[in-house]
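These are my notebook entries on a single structure. I looked up selected residues, then the ligand surroundings, and finally the enclosed and open spaces.

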Amino acid sequence: MSSQKGTVLITGASRRLGLYNARRLLEAGYRVIATFRHHSSGIDELKQAGAVVLQSNLDETRSILNLIEQVKSITSDLRAIIHNASGWISDSDNPQDNEPLAHLFKLHMEAPWLINRSLYGLLKNYPETADIVHMTDYNALRGDEHYAAYAATKAGLESLTRSFARLYAPKVKVNAIAPYLIIMNDHDQLAAAENTLHIPPMGLEPGEDVIWQSLSYILHNPYVTGTTMPVDGGMSLR
Ligand SMILES: NC(=O)c1ccc[n+]([C@@H]2O[C@H](COP(=O)([O-])OP(=O)(O)OC[C@H]3O[C@@H](n4cnc5c(N)ncnc54)[C@H](OP(=O)(O)O)[C@@H]3O)[C@@H](O)[C@H]2O)c1
């Protein structure tokens, strides 16, 4: 599997931002390996457009390790890994229930940890500088009273961004993108979500392309590593 622009592994490509960015990567001439948990029409579309699609449950260690072996059997080098898969899961009301934290630890931290360490050899084989991009969240460092497990594990992923950036320079750049609300979730209450949209100074629902622009900037800039890029409509001004 080879392409002039190299092969990119992107997780959670079945819908929304992952699907959008996988499409844009294909249009830009990259080979794409796209992972999904639940099959979707978007996955069929990516496959038809030439992507290799792999099913993986990234909150199960065995499934993560299996994905790693599958990627190694498909390609000998990687231009980039984009950790997009994520669970927007609120904290449990039961104080003894550890499930959301355990689940999100695996998905947001263990999966990137295992994938980055196991596939570093493929990134190193890429003839030019390669990239790892972690999708985090505006709330990662701020915290969230109802999504504490989500925010904490995204904060952990921001820490891993800096550790891996130190470890893998200069061969591989490692950066995070930390969005505020980009597109609303179907299950978000419309009124509440619309209020949320108006909090940042920019006050709009920007749509997926602002993430593609950020991703594209990171992939093309040879001197940016260990950063977390806010894409937040100016929330730091609040
Ligand atoms: N959209 C926003 O406004 C926004 C704001 C802040 C941060 N972000 C970050 O940007 C990224 C993309 O956001 P999004 O809104 O497009 O996310 P999303 O709609 O929640 O989609 C998440 C993706 O992750 C996959 N996924 C979830 N749990 C998984 C698991 N256990 N194993 C494997 N895959 C799993 C889902 O797969 P299935 O559909 O197959 O289950 C889906 O493709 C995420 O990292 C998110 O935290 C987004």
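**Entry 1: serine 41**

I began with serine 41 in this predicted model and asked whether serine 41 is buried or exposed. Its relative accessible area is 63%, and exposed means over 50%, so serine 41 is exposed. I located serine 41 in helix α2, which covers residues 41-48. I then looked up its distance to glutamate 69, which is 28 residues away in sequence. From C-alpha to C-alpha, the two are 26 Å apart in space.

**Entry 2: alanine 151**

I turned to helix α6, where alanine 151 lies. The relative accessible area of alanine 151 is 3%, and the limit for buried is under 20%, so I recorded alanine 151 as buried. Which residues does alanine 151 touch, not counting residues up to four places away in sequence? I found Asn139, Ala140, Gly143 and Asp144. I also looked up the pair alanine 151 and histidine 108, which are 43 residues apart in sequence. Their C-alpha atoms are 10.0 Å apart in space.

**Entry 3: two prolines**

I placed proline 170 in the loop between α6 (148-168) and β6 (172-179). I noted that the peptide bond leading from alanine 169 to proline 170 is cis, its omega being near 0 degrees.

Proline 200 also has a place in a loop, the one between α7 (190-197) and α8 (209-220). I read a relative accessibility of 5% for proline 200, which therefore counts as buried. Leaving out residues up to four places away in sequence, I listed Tyr180, Asp232, Gly233, Met235 and Arg238 as touching proline 200. Leucine 181 is 19 residues from proline 200 along the chain, and the C-alpha atoms of the two are separated by 9.4 Å.

**Entry 4: arginine 16**

I checked the backbone of arginine 16 and found a positive phi of about 50 degrees, although this residue is not a glycine. Arginine 16 lies in helix α1, which spans residues 16-27. Its relative accessibility is 30%, so I entered arginine 16 as partly exposed.

**Entry 5: around the ligand**

Which residues come nearest to the ligand, of the 25 around it? I found arginine 16 again, together with Arg15, His38, Leu58 and Ile182.

I then looked up individual atom pairs. For histidine 38, a backbone N or O atom lies 2.6 Å from an oxygen atom of the ligand. For isoleucine 182, a polar backbone atom is 2.6 Å from an oxygen atom of the ligand. For aspartate 59, I noted an N or O atom of the side chain at 3.5 Å from a nitrogen atom of the ligand.

**Entry 6: leucine 107**

I found leucine 107 in helix α4, residues 99-125. Its relative accessibility is 12%, so leucine 107 counts as buried. Residues up to four places away in sequence aside, leucine 107 touches Leu58, Asp59, Ala85, Ser86, Gly87 and Pro112. Two of these names had already appeared in my ligand entry: Leu58 among the nearest residues, and aspartate 59 through its side chain. I also compared leucine 107 with isoleucine 183, 76 residues away along the chain, and their C-alpha atoms are separated by 21 Å.

**Entry 7: cavities**

How many cavities of 30 Å³ or more are there? I recorded three. The largest cavity has a volume of about 40 Å³. Leucine 107 is one of its lining residues, and the others are Thr11, Leu58, His83, Ala85, Ala111, Pro112 and Ile115. Helix α4 gives the largest share of this lining, four residues. By class, I noted six nonpolar residues, two polar and no charged.

**Entry 8: second largest pocket**

My last entry concerns the second largest pocket, with a volume of about 180 Å³. What classes of residue make up its lining? I recorded four nonpolar, four polar and four charged residues. Among the lining residues are Lys5, Arg79, Glu128 and Lys173. The lining also includes Gln4, Thr129, His220 and Asn221. I completed the list with Tyr30, Tyr126, Leu219 and Pro222.

Key:
Residues numbered from 1 in each chain as written. Predicted model: local features only at pLDDT ≥ 70, side-chain atom pairs only at ≥ 80, totals over all residues. Heavy atoms only, no water. Buried < 20%, exposed > 50% of the residue type's maximum accessible area, 1.4 Å probe, protein only. Contact = heavy atoms within 4.5 Å. 1 Å grid on protein atoms, 1.4 Å probe; cavity = no way out; pocket = protein on both sides within 12 Å on 5 of 7 lines; lining within 4 Å. Points joined across faces, edges and corners; volume = space filled by probe spheres on them. Nonpolar A, V, L, I, M, F, W, Y, C, P; charged D, E, K, R; others polar. Near = heavy atom within 4 Å. Polar contact = N/O pair within 3.5 Å; in protein donor to acceptor, adjacent residues only side chain to side chain.
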